[in-house]
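The exercises below are meant to be worked through with the sequence and the structure side by side. Try each task before reading the solution that follows it.

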Amino acid sequence: MKGDRRPFLPGSLGLAAGAATTALLARPQYHVIRRRERSRVAILSAGSYSENLERILRHGLELFHLDIRDKSVLLKPNLVDYTPGNHINTHPLLVAAAAECFRRLGAKTVLVGEGPGHQRDTGLVLCESGMADQLHQQKVRFVDLNRDELVEKPLLANYTGMKSLWLPRSILVSDFVVSMPKVKTHHWSGVSLSMKNMFGVVPGAKYGWPKNILHWKGIDRSILDICATVPVHFVIADAIVAMEGNGPLNGTPRPLNRIVLADDPVAADATCARLMGLDPEKITHIRAGAQFLGNSSIALMDQLGEPVRAPVTPFQLVPEFEYLRETNFLQRKS
Amino acid sequence: MDDPQRANLLCLEQLVARQLPQGGWPFHSRAAQAAVEPTALTLLALPSTLIRERERAIRFLLQIQNPNGSWPAFVGDGGGGSGFTGLALYVLCRCGVGGKSTDRAIRWLLHSRGWESHWLWKWKFRTTDRRVRFDPDKFGWPWMPKTVSWVVPTSYSLLALKNCIPGSQEGLLQLRIRRGVEMLYDRICPQGGWNAGNGVVYGRPLAPHPDATAIALLALGGEPVNDFVTASLDWLERHAQFCFAPWSLAWTTLALNAFRRASQHLISRLAVIVASDEIDDCATLAVVSMALTCANGLNAFGVHS
């Protein structure tokens, strides 16, 4: 059988580019180590958004014995834009459930904050996605991180060479930052998970819409610098309906029926990648992040919920990132 | 209260109350950090009777102008220049401010350009990076130096260059206006309207954004009306039917009104929104105020096709 070589070209180029970038990022360029000895992860089942998400989350959070009392909590969902029928944002019901759970855990304040990357009208995304209604019902305050007061912070890693970033005051003064990504593929970084979600804290009022300077400096490098400087204390990843293919905006919904909790963003992202059928060690920012931001190895994670199982069919990716699929996938399938 | 005039008075009262001691406005009502976009938009919204507030705002803008002629995005920002320079210059020109400050700003705008115009990036976008399809010969203005052109800073810059009186370099000014207009048409979404930048990525059309579409249309005021403009106005009209977000709705109103499309129903809707909920964001409040003024036959952007 004669194979069509064309699809291999972008894949091979992607593999080569990925390997080159990974090699460049292998050299430690961080001034802080957030990685701990072991990380805790909980994979929770959730059949759909109509389930009692608050109950599921509450039980999940109890596994971590978090001390949130009198802490200011900032939930950072992924709100990119709104296109009817597209699962591109963290679901508002999950955000509302998380807000209620942290209140019950004794948080002093719970705030939801996001700075959409493309859409300048954050209010429009809030309205059209249904997030505004949920936050209104729960009486949760929202802060537009694109237009917040800004403070210049020296970067605690030097992958971009930017030295400092202007960051929103609301995120810097929060005691407990929870990254709440939508689990999805991304046509420029392979995946968009809890670490990539932190792009949303970079303010559009300074860096524009989109935050183009971060693209020019390198998405993986920017992710590492941001996550070194703005600690992610906890992750609640929305994988109830994930996205595959041409994410972050034009992919295809892919139900995974899972919520992933973790006290470590690298562990969360590595686990989500495995749930997507991808090899986290091939994802540049996860691999580099495992040097100082958290643990990517399963051996260094305590699984508090369900075990990690790769899907029967791995997630679809754009050709440049097809190399991210787990290499032993076909063997396991057979 | 759904009377546009009363709603506008409420907006103006709130804006006056939120002016910071140094003369600028912040984005959030509780913030103390003045920024260029809310200040410039508020200055444009304030009626000429509010002389003291306007003079303080003008003084503030002139004080924070960078030595190279550009404007920072906010107080404390670096001196490299931001994508709000065009807006600041446009507003100052509309307020009758001229002289060295505006001349320096014009010079900066004439030499600021999206990086796709650089030969190396032109080559990259023509050969290796085909995920986004655009013509790098058609360039505008970036949000930050050393990045590519985007729709909103290009539109703000076009508004400025079309409305200011250049001291010199008339030829370059006309060339940059022409390139900027070409860039907007090049990046238009297939269904009309504009997203943040490209209209197509990875072969998939992107959805337009109402505010970017409206600002681009205002920047295209005075250009011959063509199919691109008509399709974009049609898209804005359709989207506006279900739009209740004040920032997008207000920009939409200003653009439709400028192109003499029906906007009275949108003005009424904005008046209801103002009455029902306080608008926290000063930039949004200013654009809403300008849109409400359209009820009196006035359009702060003063473009009529």
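## Exercise 1: Helix packing in chain B

Helix 11 of chain B packs with helix 13 of chain B at an angle of about 35°, their axes lying 8 Å apart. The model is a predicted one, and every value in these exercises is computed from it.

**Task.** Determine the handedness of the crossing of helix 11 and helix 13 of chain B, and state which residues of the two helices meet.

**Solution.** Begin with the handedness: the crossing of helix 11 and helix 13 of chain B is left-handed. Next, list the residues on each side. Helix 11 of chain B brings Pro246(B), Trp247(B), Ala250(B), Trp251(B), Thr253(B) and Leu254(B), which meet Thr284(B), Val287(B), Val288(B), Met290(B) and Ala291(B) of helix 13 of chain B. Finally, sort this contact by class, which gives nine nonpolar residues, two polar ones and no charged ones.

**Task.** Decide how helix 10 of chain B is oriented to helix 11 of chain B, and describe their contact.

**Solution.** Two packed helices are described by the angle between their axes and the distance between the axes. For helix 10 (residues 227-240) and helix 11 (residues 246-258) of chain B, the axes come within 10 Å and cross at roughly 140°. Since an angle has to be over 145 degrees to count as roughly antiparallel, helix 10 of chain B is oblique to helix 11 of chain B. The crossing of helix 10 and helix 11 of chain B is left-handed. In the contact, Leu233(B), Leu236(B), Glu237(B) and Ala240(B) of helix 10 of chain B meet Leu249(B), Thr252(B), Ala255(B) and Leu256(B) of helix 11 of chain B. By class, the contact of helix 10 with helix 11 of chain B has six nonpolar residues, one polar and one charged.

## Exercise 2: An enclosed helix

**Task.** Work out how many of the residues of helix 2 of chain B are buried, and what covers them.

**Solution.** A residue counts as buried if 20 or more other C-beta atoms lie within 10 Å of its own. Applied to helix 2 (residues 36-45) of chain B, this gives ten of the ten residues as buried, so the helix is largely enclosed by the rest of the structure. Among these buried residues of helix 2 of chain B are Glu37(B), Thr39(B) and Leu43(B). The cover over the buried residues of helix 2 of chain B includes helix 1 (4-18), helix 3 (51-64), helix 4 (85-94) and helix 13 (282-293) of chain B.

## Exercise 3: Backbone exceptions

**Task.** Find where the cis bonds before Pro210(A) and Pro248(A) lie, and say whether Asp70(A) and Arg260(B) are buried or exposed.

**Solution.** Most residues other than glycine have a negative phi, and most peptide bonds are trans. Take the peptide bonds first. The bond from Trp209(A) to Pro210(A) is cis, with omega near 0°, and Pro210(A) sits in the loop between helix 7 and helix 8 of chain A. Another cis bond joins Gly247(A) and Pro248(A), with omega about 10°, and Pro248(A) belongs to the loop between strand 10 (234-244) and strand 11 (252-262) of chain A.

Then turn to phi. Asp70(A), which is not a glycine, has a positive phi near 65°; its place is the loop between helix 2 (53-62) and strand 2 (72-77) of chain A. Asp70(A) has 10 other C-beta atoms within 10 Å, so it is exposed. Arg260(B) likewise has a positive phi, of about 60°, and lies in the loop between helix 11 and helix 12 (264-276) of chain B. With 10 other C-beta atoms within 10 Å, Arg260(B) is exposed.

## Exercise 4: The two chains and their contact

**Task.** Establish whether the radius of gyration of chain A and that of chain B agree with a compact globule, and describe the contact between the chains.

**Solution.** Chain A has 334 residues, for which a compact globule would have a radius of gyration near 20 Å, and its value of 19 Å agrees. For chain B, with 305 residues, the expected value is near 19 Å, and the 19 Å found agrees. Chain A has twelve helices and twelve strands, while chain B has 13 helices and two strands.

The contact takes 25 residues from chain A and 30 residues from chain B. On the chain A side, helix 4 (122-129), helix 7 (204-207) and helix 8 (212-217) each supply at least two residues. By class, this side of chain A has ten nonpolar, nine polar and six charged residues.

Definitions and conventions. Residues numbered from 1 in each chain as written. Chains lettered and ligands numbered in written order. Predicted model: local features only at pLDDT ≥ 70, side-chain atom pairs only at ≥ 80, totals over all residues. Contact = placed C-beta atoms within 7 Å. Helix = DSSP H or I, 4+ residues; strand = E, 2+ residues; numbered from the N terminus. Nonpolar A, V, L, I, M, F, W, Y, C, P; charged D, E, K, R; others polar. Rg over C-alpha atoms; globule rule 2.2 N^0.38 Å. Axes fitted to C-alpha atoms, helices over the stretch in contact; angles between N-to-C directions. Parallel < 35°, antiparallel > 145°, perpendicular 65-115°, else oblique. Left-handed = near helix turned anticlockwise from the far one by under 90°. Buried ≥ 20, exposed ≤ 12 C-beta atoms within 10 Å, placed from the backbone.
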